[in-house]
Amino acid sequence: MKRPGLLTRYARLLALQLRMSLVSAMQYRGDFLVRGLLAVLGMTVTLLPVFIVFGQRAAVAGWSFPEALVVVGWFTLLRAVLEGAVSPSLTAVVEHVRRGTLDFVLLKPADAQFLVSTAKLEPWRVVDVAGALAIFGYAFAHLHRWPAPRDLLAGAVFLGLAVLVLYSFWILVVSAAFYVVKVDNLSYLFQSVFDAGRWPITIFRGALRFIFTFVFPLALMTTYPALALLGKLGPSTAAAALVGGLAFAALSRGVWHRALSMYTSASS
Amino acid sequence: VSLAASSPTAGWLGLRHAVRAFPTLLRVGLAEVVAYRAEFLVWILTTNMPLVMLAIWHAVAADGPVGRFDQKQFTAYYLAVLVVRLLTSTWIIWQLSMEIRDGTLSSKLLRPVHPLVAYAGQHLAAVPMRALVVSPIVVLLAYAAGDRLALRDPKMLGLFLLSLVGAWLLIYFMMVLVGALAFFVDSALGVFDLWIACHAIFSGYLVPLESLPAWIRGPANVLPFRFILGFPVELLVGLLDPATAARQLAVQWGYVLVLAGLALLVWRAGVRRYQAFGG
């Protein structure tokens, strides 16, 4: 009997949080326009190296140009999620920890991780989502085929998984704020490493490949979803990725709870 | 706020103060780097894009060179990008726009040393630590570039060092210029994002400029971005002949003068407008 009550309560809370960030974003309409323009420019910067590299060769490490574009599409989509929904909220947590205002969040009668994760949203990132869809469209038009319904389903599952892993990793970075306080640089590091996700991970060799598959699982975020959409992901890899991703999410939730217990209010 | 540092009579007196204060400023800056060493290390790791691009080009050039570049030359190029980038970049823009917004700048304006000199000292102080980090990369680079490395010829070495100083000054004054916009608008960081995007394309940071399609290479060769990174890098790995290098050095220093003039103009106008919140 208790479960549905809890769910509807959190759904209502989520809607409220979303409305609040929409309202505050709409206050700065001029900013909205500039940000949209910047998003388009950012997309150009993302695509340019891919165009140049594949301008030299028809295929690199077994990836053709349109196939690599599918990876870029995933990267753009995930970056929209990261910078539009995940990053702004969690950067605010870091500020809360440093100033001691996290008290106000912890005192509220709802899950703290839920509250801080949904606190802020940057709606203009929708431009990036549209860009990602355009890239997918262009890529599949050049492949002369469209993904089968089964592949679309697999892609959707992997989108969920990718967002989960991305979010979990970010939670780990934020948890570090409870220990080292000054974590701004750490978030820049996160974003700079994430940038490598625009490339299919199998192009890399040796140490970089290991890091991007197991340490900072970029493969899980962009390459595997792309392979799923292309219908090229083997079932055993898919299963391993799913199990690994879920385990990782559970781990990061655990770390968050431990870090939270370290928090000593800095305010009066 | 009335300001000693920006009044016209300050002239010579200000300069003498600055010269005398500079060693102290350097010491303070060095102490800061040592105190925040973890942050310093993380910042170095943030500059990982050249290594990723290097890995990509290695895969591409595995079955034959791309233009003038074979695998070894790509290695030399991107290691040189790391060296120049780590030695010349500063983060004054974030500091400046934050201090203007929250009013911390006021205390800097009251000191007898011009704030821009103080910032410069603080950032120059980090250079020895950076050189320490960069030196192993230089060894690898010397191996990859072989006898084309500029360090072997004293004349080219001189040109390279001058271009490095020029690159540092260009970045510094550009950041002051954009950062000082925070005097006029709420957040100058949007403009800076625009700069970062242009820098990635036009400076040679992502891909060597000669591998760009002609319609981007044209503007890239004239815009200031190339002189921040691509020019010293190409000079270092021996992609430029001495005559071209000397000519481009002149262009670079021309840009330094123009940007310095613009930055100081905007700074002066900004300080006149500036009304600090609190103390």
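This is a friendly conversation about how the labels used for a predicted model follow from its computed values.

Colleague: Let's start with the folds. What makes up chain B, helices or strands?

Modeller: Chain B has 14 helices and zero strands. Reading from the N terminus, its elements run α-α-α-α-α-α-α-α-α-α-α-α-α-α. The radius of gyration of chain B is 20 Å, and the globule rule gives 19 Å for 279 residues, so chain B is as compact as a globular protein of that length.

Colleague: And what does chain A hold?

Modeller: Chain A has 11 helices and two strands. Its pattern along the sequence is α-α-β-β-α-α-α-α-α-α-α-α-α, so you can see where the strands come in.

Colleague: How do you know that the radius of gyration of chain A agrees with a compact globule?

Modeller: We set one value against the other. A compact globule with 268 residues would have a radius of gyration near 18 Å, and chain A has 20 Å, which agrees. Along the principal axes, the C-alpha atoms of chain A fill a box of roughly 65 × 45 × 40 Å. For chain B, the C-alpha trace spans about 65 × 40 × 35 Å.

Colleague: How much of each chain counts as buried?

Modeller: In chain B, 52% of the 279 residues count as buried. In chain A, 48% of the 268 residues do. As for the surface, chain B exposes about 12,900 Å², with 70% supplied by carbon and sulfur atoms. The accessible surface of chain A is about 13,200 Å², and 70% of that belongs to carbon and sulfur atoms.

Colleague: Which contacts join residues far along the sequence from each other?

Modeller: Take the contacts in chain A between residues at least 6 apart in sequence: 80% of them join residues at least 24 apart. In chain B, residues 24 or more positions apart account for 78% of the contacts with a separation of 6 or more.

Colleague: Now for single residues. Why is Ser203(B) called buried?

Modeller: The cut-off for buried is under 20% relative accessible area. Ser203(B) has 0% relative accessibility, so Ser203(B) counts as buried. You will find Ser203(B) in the loop between α10 (189-202) and α11 (214-222) of chain B. Leaving out residues up to four places away in sequence, Ser203(B) touches Cys198(B), Leu209(B), Phe225(B), Arg226(B), Leu229(B) and Gly230(B).

Colleague: What makes the pair of Ser203(B) and His199(B) a polar contact?

Modeller: One test is the distance, which has to be within 3.5 Å for a pair of N or O atoms. A polar atom of the Ser203(B) side chain lies 2.7 Å from the backbone oxygen of His199(B), so the pair passes that test.

Colleague: Why is Ser252(A) called buried as well?

Modeller: Ser252(A) has 2% relative accessibility, and that is under 20%, so Ser252(A) counts as buried. Ser252(A) is part of helix α11 (residues 235-262) of chain A. Not counting residues up to four places away in sequence, Ser252(A) touches Ser168(A), Ile171(A) and Leu172(A).

Colleague: Why are Leu161(B) and Leu223(B) called partly exposed?

Modeller: Partly exposed covers what lies between buried, under 20%, and exposed, over 50%. Leu161(B) has a relative accessible area of 45%, so Leu161(B) falls in between. Leu223(B), with 30%, is therefore partly exposed too.

Colleague: Where do these two leucines sit?

Modeller: Leu161(B) lies in helix α9 (residues 154-179) of chain B. From C-alpha to C-alpha, Leu161(B) and Leu235(B) are 9.9 Å apart in space, with their positions 74 residues apart in sequence. Leu223(B) belongs to the loop between α11 and α12 (225-228) of chain B. Leaving out residues up to four places away in sequence, Leu223(B) touches Phe202(B) and Tyr255(B).

Colleague: How do you know that Lys72(B) sits over the ring of Tyr143(B)?

Modeller: The distance to the ring centre must be within 6 Å, and the charge must also lie within 35 degrees of the ring normal. Lys72(B) lies over the face of Tyr143(B), 5.1 Å from the ring centre. The charged end of Arg226(B) sits over the ring of Phe227(B) in the same way, at 5.8 Å from its centre.

Colleague: Which residues form an aromatic cluster in chain A?

Modeller: Phe169(A), Trp170(A), Phe190(A), Phe216(A) and Phe248(A) form one aromatic cluster. Over all chains, the structure holds 23 aromatic pairs.

Terms used: Residues are numbered from 1 along each chain as its sequence is written. Chains are lettered from A and ligands numbered from 1 in the order in which they are written. Side-chain values use heavy atoms; hydrogens and water are left out. Rings of Phe, Tyr and Trp (its six-membered ring) pair if their centres lie within 6.5 Å; planes under 30 degrees apart count as stacked, over 60 as edge-to-face and the rest as tilted. Helices (H or I, at least four residues) and strands (E, at least two) are DSSP runs, numbered from the N terminus. The radius of gyration is taken over C-alpha atoms; the globule rule is 2.2 Å times the number of residues to the power 0.38. Buried means under 20% relative accessible area, exposed over 50%, partly exposed in between (1.4 Å probe, protein chains only). Contact means heavy atoms within 4.5 Å. Accessible areas come from the Shrake-Rupley method with a 1.4 Å probe; for residues, only the protein chains shown count as cover. A polar contact is a pair of N or O atoms within 3.5 Å; within protein, one must be able to donate a hydrogen and the other to accept it, and residues adjacent in sequence count only if both atoms are side-chain atoms.
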